[in-house]
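This report looks at how helices pack against one another and at how charged side chains pair in one protein chain.

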Amino acid sequence: MITFVMSLMALVIGYFVYGRFVERVFGPDDRQTPAVAKADGVDFMVLPGWKIFMIQFLNIAGTGPIFGAIMGAKFGPAAYLWIVLGCIFAGATHDYLSGMLSLRNGGANQPEIIGTYLGKTTKQVMLFFSIFLLVMVGVVFVYSPAKILGDMTGADAEAAKSGVMQMEYVYWCAAIFVYYIIATLLPVDKIIGKIYPLFAFSLLFMAAALTVMLFVKMPNIPELWDGLGNHPLEMRHIFPALFITIACGAISGFHATQSPLMARCMKKEQMGRPIFYGAMITEGIVALIWATVAMYFFYDQPTPGYEQITDGEKALGDAPSIVNKICNEWLGVFGAILALLGVVAAPITSGDTAFRSARLIIADFIHLKQHSIRNRLMVCIPMFMGAIALLVWQMANPKGFDVIWSWFGWSNQTLAVFMLWAITVYLVQQRKPYVITLVPAIFMTVVCTTFLVTEQLLPIVMNNGTDEAKAAIAQFQQQWTWIIAACAFAVSVVWFLIWYLKKGKRQIMK
């Protein structure tokens, strides 16, 4: 618990110290914001600062800082380091600067910002990449709450694992999609502006209640000085798997797709630090709390938490079940209600803003104004048809959810890589201290490249080869991880230096 307290203090100090430094680097001023200059009553409108913060927090959080932190806790105390350092120096910096760049560029979406600083070709690639990621987010956050609700209403979970489609799941998926369509089409203040703050408050209240219970129970869990390799429940290597597993609690490219939604609702640039940097720090705190709760569940001495809770061992491999078990055990009936909001309402709200972001990105690309419901439908109908097709495949394939989630995790962090490089170019052009995003950009490039090769591509080969081939590739994976990482690091540094010496200096002189 000492590591938990120190980590909590570090996040708070990080907001006031490093957050203020990053704000000074950017330099917010009194220029007119898009919410005022482009007010349309649909996507561009001024909202109160507290409401924007709550919506931004729920948009970027959902169940990410809960499920990711629980799965990341299997790596042991290393999860604390990644949440704290990743959140302060990478995630919150990424969220603040990407949100402020959107604000400065008329509420521009992520692909437009990336295209402005990394070129038109990169913009086209990131356009399709972003839309694909957002649709995946929507699909993932349809099925997970629908499955939970379906299990509660009589679905056969074991039959579903074999690929037998359960009608309870279908009904709930249909109901959630109807909500998605409504929320995506209506103005931002009609549903999102009214119910999101309530759901955000419930997540924050649940985190606060769990923090109180942690101090009441004072579990005997691993500390940093016990060793970073203290992770008996996770067989994968800390690098690079931990840095993909815990995304939303440390850094997430998905956040940069959500920030423009709120950049279009801010009255002043000075609101940026509490809304963008502050929401990410808050998410890091939530992730820290859930990582500690999971440490109790996995490692509490002398008896792990899962042995202290009825049927707790059955929940070991399932993050939503751990949330339900812990909340019911620690917080009673009220905790069960909060857990339901966390594992059902939160992913649904993340899903609908993902589709809303996709609609706006597509509309901006084809230059289709979104004032009329007809124009919004022209974008939404084909987008939802593609999402439904992907959802049907996922439900019919026993491993469909795992496949989509795995690629979603890597795509999410890769999106952050491109955004960090775009911000770095901007800072170079503005003669500002670009090292604050250069270091995270290089690090995440190394992480994503290494994870793609060792955790994504090699397993595909292993699953289709002979036993001898699988053994050989497994050995390759273990021995070559750091070599691949070193190569990715070298290429990233050399590539940046070449650009800086050839183009960066010329852009600075303009």
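The text below deals with two helix contacts and then with a network of salt bridges.

The model is predicted. Helix H14, residues 272-299, is met by helix H11, residues 192-217, with axes that come within 10 Å and cross at roughly 40 degrees. Angles from 35 to 65 degrees fall outside the ranges for roughly parallel and roughly perpendicular, and H11 and H14 are therefore oblique to each other. The crossing in which H11 passes H14 is left-handed. On the H11 side the contact involves Leu204, Met206, Ala207, Leu210, Thr211 and Leu214, which meet Thr282, Val286, Ile289, Trp290, Thr292 and Val293 of H14. Sorted by class, the residues in this contact of H11 with H14 are nine nonpolar and three polar, with no charged residue.

Helix H4, residues 49-61, also packs on H14, and here the axes come within 9 Å and cross at roughly 50 degrees. That angle makes H4 oblique to H14, while the crossing of H4 past H14 is right-handed. From H4, the residues Gly49, Ile52, Phe53, Gln56, Phe57, Ile60 and Ala61 meet a set in H14 that includes Pro274, Phe276, Met280, Thr282, Glu283 and Val286. The contact of H4 with H14 comprises 11 nonpolar residues, four polar ones and one charged residue.

Turning to charged side chains, the count comes to eight salt bridges, among them the three listed here.

| Salt bridge | Closest N to O |
|---|---|
| Arg31 and Asp29 | 2.7 Å |
| Arg31 and Glu269 | 3.8 Å |
| Arg104 and Glu269 | 2.7 Å |

Which parts of the chain does the pair of Glu269 and Arg31 tie together? Glu269 lies in the loop between helix H13 (254-263) and H14, whereas Arg31 lies in the loop between helix H2 (18-26) and helix H3 (34-37), so this pair links parts that are 238 residues apart in sequence. Glu269 is buried, with a relative accessible area of 1%. From its loop between H13 and H14, Glu269 also pairs with Arg104 in helix H6, residues 78-104, so that this salt bridge ties together parts 165 residues apart in sequence. Arg104 counts as partly exposed at 23% relative accessibility. Through shared partners, the salt bridges join Asp29, Arg31, Arg104 and Glu269 into one network. Within this network, Arg31 is partly exposed with a relative accessible area of 42%, and Asp29 is likewise partly exposed, with a relative accessible area of 25%.

Notes
Residues are numbered from 1 along each chain as its sequence is written. This is a predicted model: local features need pLDDT of at least 70, side-chain atom pairs count only at pLDDT 80 or more; totals for chains, interfaces and linings use all residues. Side-chain values use heavy atoms; hydrogens and water are left out. Axes are lines fitted to C-alpha atoms, for helices over the stretch in contact, and angles run from 0 to 180 degrees between N-to-C directions. Helices (H or I, at least four residues) and strands (E, at least two) are DSSP runs, numbered from the N terminus. Angles under 35 degrees count as roughly parallel, over 145 as roughly antiparallel, 65 to 115 as roughly perpendicular and the rest as oblique. A crossing is left-handed if the near helix is turned anticlockwise from the far one by less than a right angle, and right-handed if clockwise. Contact means heavy atoms within 4.5 Å. Ala, Val, Leu, Ile, Met, Phe, Trp, Tyr, Cys and Pro count as nonpolar, Asp, Glu, Lys and Arg as charged, and the others, Gly among them, as polar. A salt bridge is a side-chain nitrogen of Lys or Arg within 4 Å of a carboxyl oxygen of Asp or Glu. Buried means under 20% relative accessible area, exposed over 50%, partly exposed in between (1.4 Å probe, protein chains only).
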